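The exercises below are meant to be worked with the coordinates open, and each task sentence is followed by a solution that proceeds step by step.

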Number of protein chains: 2
Amino acid sequence: MKISALLTSAGINIGLCVLFLSLYSVLRKQPANVRVYFGRRIAEENERLRGAFILERFVPSTGWIVKALQCTEEEILAAAGLDAVVFNRILVFSIRIFSLAALLCVFGILPLNYFGKDIKHVRIPSESLDIFTIGNVEVKSRWLWVHCVALYIVCGVACILLYIEYKHIARLRLLHLTSATPNPSHFTILVRGIPKTAKESCSDVVDNFFTKYHSSSYLFHQVVYKVGKVQKIMTGAQKAYTKFKHFTDETVDQGCRTITYRCCLCGTSSNSFKLLNTECEQNRGKTGNESSLKLDDEECTAAFVFFKTRYAALVASEILQTSNPMKWVANLAPEPEDVYWSNLWLPYKQLWIRHIVTLIGSIVFMFVFVIPVTFIQGLSQLELLQQRLPFLRGILKKKYMTQLVTGYLPSVILQIFLYMVAPIMMRFSTVELPTSHSERKRSACCKVLYFTVWNIFFVNVLSGTILSQLNVLSSPKDIPIQLARAVPGQATFFITYVLTSGWASLSSELMQLFGLIWNFIRKYVLRMREDTEFVPSFPYHTEVPKVLLFGLLGFTCSVLAPLILPFLLVYFFLGYVVYRNQLLNVYRTRYDTGGLYWPIAHNTVIFSLVLTQVICLGVFGLKESPVAAGFTIPLIILTLLFNQYCRNRLLPLFRTFPAQDLIDMDREDERSGRTDEIHHRLHSAYCQFPDTEDVPLEKIKIIGEDEEQGSSSGESTGKETREDPKRDLSHPTLKGLPVSRLRHAVKSITFLIRLQKRASRTGGGRS
Amino acid sequence: MKISALLTSAGINIGLCVLFLSLYSVLRKQPANVRVYFGRRIAEENERLRGAFILERFVPSTGWIVKALQCTEEEILAAAGLDAVVFNRILVFSIRIFSLAALLCVFGILPLNYFGKDIKHVRIPSESLDIFTIGNVEVKSRWLWVHCVALYIVCGVACILLYIEYKHIARLRLLHLTSATPNPSHFTILVRGIPKTAKESCSDVVDNFFTKYHSSSYLFHQVVYKVGKVQKIMTGAQKAYTKFKHFTDETVDQGCRTITYRCCLCGTSSNSFKLLNTECEQNRGKTGNESSLKLDDEECTAAFVFFKTRYAALVASEILQTSNPMKWVANLAPEPEDVYWSNLWLPYKQLWIRHIVTLIGSIVFMFVFVIPVTFIQGLSQLELLQQRLPFLRGILKKKYMTQLVTGYLPSVILQIFLYMVAPIMMRFSTVELPTSHSERKRSACCKVLYFTVWNIFFVNVLSGTILSQLNVLSSPKDIPIQLARAVPGQATFFITYVLTSGWASLSSELMQLFGLIWNFIRKYVLRMREDTEFVPSFPYHTEVPKVLLFGLLGFTCSVLAPLILPFLLVYFFLGYVVYRNQLLNVYRTRYDTGGLYWPIAHNTVIFSLVLTQVICLGVFGLKESPVAAGFTIPLIILTLLFNQYCRNRLLPLFRTFPAQDLIDMDREDERSGRTDEIHHRLHSAYCQFPDTEDVPLEKIKIIGEDEEQGSSSGESTGKETREDPKRDLSHPTLKGLPVSRLRHAVKSITFLIRLQKRASRTGGGRS
């Protein structure tokens with residue numbers, strides 16, 4: 001690939017980027033798209049933003065960039081949680097280290113590489129890109145020490161910056177822990193593998209165990225129910241309700257353009273719905289212990305156990321409870337919104353086997369994916385393509401086509417394939433039985449990361465030079481040499497990859513193309529009402545691996561092929577702006593890992609550094625420079641020692657909470673007399689079955705409130721729950737509710753929806 | 001190697017074994033050797049055994065074998081601790097599995113191998129040993145499924161037995177925990193990495209921290225002092241005292257042949273000694289806080305912290321104390337006798353770097369050791385030897401010499417080299433900063449195990465077939481094939497290894513040659529008095545790897561070259577008898593890991609099984625039997641899954657204690673009112689500086705007691721300690737004792753010893 005081809009590619013991408021950014025700055029100002037671009041703010045700040053943007057119009061502007069840059073870390077933390085801050089720090093780290101690397105390598109190493117061999121240079125645009133890599137430096141060159149020194153500086157500064165960030169995030173994590181409002185998850189453990197007895201119910205077993213062994217701190221517990229028939233019906237009812245609501249609301253909205261909602265179009269359905277709910281409430285009061293006995297066969301081997309203090313919960317989660325480590329397995333509970341309910345009731349003993357199956361599945365998938373990637377890699381080798389597909393020779397002779405094919409096409413096809421990866425990995429992570437959404441996403445993030453690094457970096461590097469990359473695994477000794485031969489040669493591909501995948505993905509992230517189209521279809525084709533509830537959460541499992549992969553590319557190419565660095569730096573700057581904007585405006589944070597993405601990032605950076613050093617070792621070996629190669633070995637050792645130090649010094653803080661801080665918090669609560677209030681709030685913190693009836697009921701009542709201005713029975717029910725914390729909370733809404741009645745409700749709702757659809761069709765014709 | 005050579009080797013070894021066993025049965029009955037062969041019993045049952053054996057005399061007998069076989073597991077547990085039981089169970093497991101394997105393979109597979117190829121068989125004694133291995137089976141043989149089935153049976157039964165043993169030992173570990181008398185180590189944690197402050201002393205810092213954060217359960221603490229000048233002088237004084245005591249006692253013993261001891265020969269020395277002690281006691285009462293201030297610069301970053309309950313200590317040891325994971329690092333304390341005092345005061349932050357250094361050191365040592373082993377391996381290839389050293393050709397032509405050289409010599413030389421390994425690995429483990437003797441020994445055990453498996457199994461297997469075994473590491477894909485080619489060929493070497501190293505090492509273990517000779521020299525040449533204090537503890541770090549290595553050889557050869565199994569079975573039977581006898585009579589258990597050797601054994605057996613399966617996979621591949629090879633792969637997966645299950649189900653019990661049992665024990669103590677007594681006893685449990693003065697003082701007093709029949713001041717001092725638990729216990733005997741005085745004491749004792757030596761020389765001449 002030549003400089004001119006690269007410039008063509010860069011030109012296309014810069015053009016696209018500018019286009020997309022301008023488009024975005026216009027589109028975001030259209031009221032119709034406000035849901036797409038300000039989902040978080042609308043969901044959190046409730047309608048306030050609606051009218052604010054209608055005056056500004058079709059002029060591209062840069063105000064959003066300024067806003068994104070101006071917001072502080074505290075604002076991000078408040079708006080999008082600690083994970084967003086961690087993601088932001090990853091970008092900041094990347095910008096810092098690659099600014100230095102770009103400065104150092106572009107001005108220090110690039111000229112050395114370019115004049116490395118005593119050859120006649122043609123005009124720069126016609127120059128091959130390989131001439132800017134270390135491949136152009138003479139064997140036994142006396143200038144290789146410059147590369148070695150640059151490597152030392154880049155790695156050294158990277159480690160220092162990494163340590164500063166690690167410490168900063170560990171501090172933030174602790175602050176997040178201590179400064180937040182009392183978090184029910186800190187007082188709660190999730191117990192799995194509860195032994196079954198014939199005599200006692202699951203609930204009694206839990207109660208007896210914790211009353212016996214944690215009597216001083218045990219508060220109460222809440223059994224997790226098996227997601228069986230009841231849950232299915234409940235989910236069905238909820239879905240039906242949601243659909244029903246959309247249609248009603250929409251019709252109301254379109255019908256009279258006012259905010260005066262009428263509950264339903266047809267009285268019968270509304271009655272059936274209300275009947276169900278009132279009965280539900282009536283039953284709730286009556287049924288006591290008999291109903292809990294009824295549900296016993298649905299009870300399962302998991303429970304949330306609540307403690308008086310944070311410290312007690314921590315202790316209970318850390319120690320081995322009994323002499324059977326597969327029973328009474330306790331972990332700190334995830335936050336209430338974060339709980340992955342549908343997994344909890346599955347038996348704990350399946351966990352280890354599921355982990356192994358997932359691991360094997362992911363690895364197999366990782367290696368099978370190689371096939372299309374290898375094929376794509378073949379595309380970038382023009383000669384090979386012309387040989388294999390002779391009929392293309394005519395087309396490929398055109399210069400423009402050649403440049404397009406070599407510079408652009410491979411990455412695009414690869415990109416399309418890669419879109420499949422994240423959902424598949426997410427599915428794998430679901431099979432792993434995570435207890436929380438955040439755990440699932442983090443696990444998927446790791447899988448996607450391994451996948452990306454293997455399939456984009458290694459497969460591309462190695463398949464170009466040797467027959468099959470699987471062979472490399474079988475001769476680890478030769479890996480440095482193999483990599484050293486391949487990486488500088490593949491730098492061209494990586495530059496185009498940064499241009500296409502990096503820049504373009506940022507633009508499309510900003511544009512939210514899918515969201516935009518879906519919003520359009522939803523609004524104007526399906527004519528559904530906007531769903532305020534549904535705001536996506538940030539896809540850390542795809543974005544973190546992406547940014548880390550670019551970091552890996554940057555490190556490995558920094559000393560060997562520094563031409564990539566300016567492009568990368570642009571990517572990171574753009575990413576910094578775009579992601580901040582997206583975190584602040586688009587995505588909503590429902591759950592948070594509490595900074596657990598950082599150790600992944602740290603490990604990846606360390607891996608990238610060591611890989612860079614190993615490749616440099618191989619290159620220096622190939623260039624027969626024993627001094628440079630010799631000096632690289634201590635650098636590898638030092639980097640690994642640094643990593644080990646970080647593991648000892650900082651990693652434990654990301655695995656557990658320090659007792660000191662928890663005890664201090666407990667005492668502070670006690671001093672301020674908040675303890676009882678916190679304990680009360682715990683009772684309603686975790687609710688397995690989302691209040692399918694409560695939600696519609698409250699909504700209906702609240703909607704009615706506008707007219708009635710009175711206190712709703714829905715709210716008073718809520719107050720009752722808080723005032724009577726001693727009652728059995730294990731299953732507040734479903735107690736004693738006959739399954740047949742629920743089924744009846746679902747049927748009636750479904751019937752309603754059908755009616756409604758017909759009505760809206762005819763109504764749509766009328767309007 | 002031919003059958004006849006093997007028989008020669010076996011004959012020599014059987015002869016030697018019988019000779020040694022008979023010699024042992026005679027020697028053990030000689031009163032002079034009673035210290036060598038009954039060290040444990042004498043040390044523990046104090047002199048009672050002395051007169052019991054004098055009547056029986058120079059007739060070899062088998063009574064000891066019967067006794068060793070008759071003793072139950074409970075007796076071993078009581079006499080030698082849980083580690084001894086674990087070791088015993090490893091032997092039992094080996095006997096069981098290899099009995100089955102021998103039965104199955106010798107009668108099922110050996111004939112198949114022997115008649116595997118359609119060749120003319122010569123007389124069996126002249127037959128090469130290779131004819132009994134799988135190497136003799138034809139390619140594409142239709143009998144290979146028998147090997148595959150045998151492999152399945154052996155691996156399946158091994159896993160079942162392994163699981164039974166694992167569960168049994170886990171149960172014993174819990175029993176050991178619960179049934180024992182209250183153990184001070186359960187109430188104690190060892191805290192390291194205590195932050196230094198300028199204002200407060202270390203002791204105050206510890207006190208403040210635990211009073212603040214563990215107020216409900218914290219009892220008191222004891223600071224570990226830096227082992228500096230004081231300790232050196234103390235150790236010097238103790239050594240001097242011990243020598244001094246020997247000479248005095250011996251002279252007394254020789255002089256009048258009665259048990260009436262006089263304190264000392266020369267009054268002056270006795271006075272100086274007494275003076276020191278009384279002063280010491282006087283100072284002990286007087287000095288309060290001033291002395292602790294004096295010792296502040298000697299105080300260091302470790303302390304024992306005592307808790308009211310076992311559960312509280314467990315909790316404190318499991319949780320992360322503060323937001324700096326390198327500070328306030330708490331672990332459950334080792335038992336008082338087990339503490340490795342000289343390491344405790346070293347800074348905790350050195351730990352990780354020392355671990356890495358040790359790891360690298362051990363690996364380097366492991367690979368450097370290859371050189372002599374490779375040379376030795378060359379010796380067994382007779383042709384090579386004759387080529388290299390032509391002058392030996394004459395000697396080697398003699399048939400007997402040939403057989404000796406090929407069958408015997410290599411193992412003997414190897415054995416001599418291997419004797420160096422254990423002390424070196426022990427030294428490495430000491431550098432790792434273990435906090436207890438048992439931890440140090442266990443760590444050394446692991447290192448010796450890795451070393452042994454690599455250097456005896458892999459190096460021998462691989463160096464015979466390819467140029468350098470290091471090359472194998474660089475092509476992991478070919479390992480199964482390489483091993484499959486090499487292992488059946490090396491079976492001959494392994495058989496001789498079992499004969500020489502295995503059988504002979506058991507005989508020498510039983511004979512205690514070094515002990516015997518040293519005892520003789522000590523008694524009749526140096527004329528020193530017997531040292532009842534010094535009884536060695538069982539060398540688990542050499543014996544566990546040895547037994548596990550033979551297990552590995554057995555598994556890998558079982559299906560491929562079953563001829564090794566009978567020899568191995570004899571080894572295990574003999575080992576069972578010998579080790580039981582030694583554990584009961586010779587060695588004394590000072591410290592115990594609580595069964596932590598079992599996970600090592602389990603992992604090694606799993607490794608052996610998987611290795612066997614991989615080798616069989618390679619062999620079946622070489623023999624072009626896709627069915628057999630195909631069926632081996634699920635076996636590997638199943639074995640690994642089994643291992644994972646054990647890791648989940650049983651391993652956690654070996655890492656920590658279950659809270660349930662500890663809480664039950666705490667409650668039991670409370671019910672029976674023993675709590676206060678236990679707390680009192682904790683005060684004197686851990687003593688950093690062994691009571692150099694107290695020991696002699698008490699001894700002297702107790703010796704005097706025989707004449708005086710009165711209450712000794714030494715005992716009353718002991719009572720005082722118990723009655724006054726509130727006093728500062730951090731350093732009971734040394735407080736306020738001026739260093740100059742100690743130095744004076746040492747000088748005077750050294751002077752005494754010189755005097756004494758002269759006296760005994762002249763006395764020896766007289767007697």
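**Exercise 1: the surroundings of one leucine**

Leaving aside residues up to four places away in sequence, Leu161(A) touches Phe93(A), Arg96(A) and Ile97(A). The model is a predicted one, and the task is to locate Leu161(A) in its helix and to decide whether Leu161(A) is buried, exposed or partly exposed.

Solution. Begin with the secondary structure, where Leu161(A) falls within helix H7 of chain A, which covers residues 144–179. Next, count the C-beta neighbours of Leu161(A) inside 10 Å, which gives 17. Since a buried residue needs 20 or more and an exposed one has 12 or fewer, Leu161(A) is classed as partly exposed. As a last step, take Pro111(A), which is 50 residues from Leu161(A) along the chain, and find that the C-alpha atoms of the two are separated by 27 Å.

**Exercise 2: the packing of two helices**

Determine how helix H5 (residues 73–108) and helix H25 (residues 540–558) of chain A are oriented where they pack, and describe the residues of their contact.

Solution. The first step is geometric: the axes lie 11 Å apart and make an angle of about 15 degrees. Because angles under 35 degrees count as roughly parallel, H5(A) is roughly parallel to H25(A). The handedness comes next, and the crossing of H5(A) past H25(A) is left-handed. For the residues, H5(A) contributes, among others, Phe87(A), Ile90(A), Leu91(A) and Phe98(A), while those from H25(A) include Val544(A), Val547(A), Gly551(A) and Gly554(A). Sorted by type, the residues of this contact comprise 9 nonpolar, 4 polar and 1 charged.

**Exercise 3: the two chains**

Establish which symmetry relation connects chain A with chain B, and characterise the contact between them.

Solution. Start from the superposition, in which a rotation of 180 degrees, with 0.0 Å of shift along its axis, brings chain A onto chain B with an RMSD of 0.1 Å. This is therefore the relation of a two-fold axis. Both copies use the same surface, since 100% of the contact residues of chain A recur in chain B. Counting the residues then gives 30 from chain A and 30 from chain B. On the side of chain A, helices H12 (310–318), H14 (351–368), H28 (626–649), H29 (652–655) and H30 (659–672) each supply at least two of the residues that touch chain B. That side of chain A consists of 17 nonpolar, 9 polar and 4 charged residues.

Key: Residues numbered from 1 in each chain as written. Chains lettered and ligands numbered in written order. Predicted model: local features only at pLDDT ≥ 70, side-chain atom pairs only at ≥ 80, totals over all residues. Contact = placed C-beta atoms within 7 Å. Helix = DSSP H or I, 4+ residues; strand = E, 2+ residues; numbered from the N terminus. Nonpolar A, V, L, I, M, F, W, Y, C, P; charged D, E, K, R; others polar. Least-squares fit on C-alpha atoms with pLDDT ≥ 70 in both. Axes fitted to C-alpha atoms, helices over the stretch in contact; angles between N-to-C directions. Parallel < 35°, antiparallel > 145°, perpendicular 65-115°, else oblique. Left-handed = near helix turned anticlockwise from the far one by under 90°.
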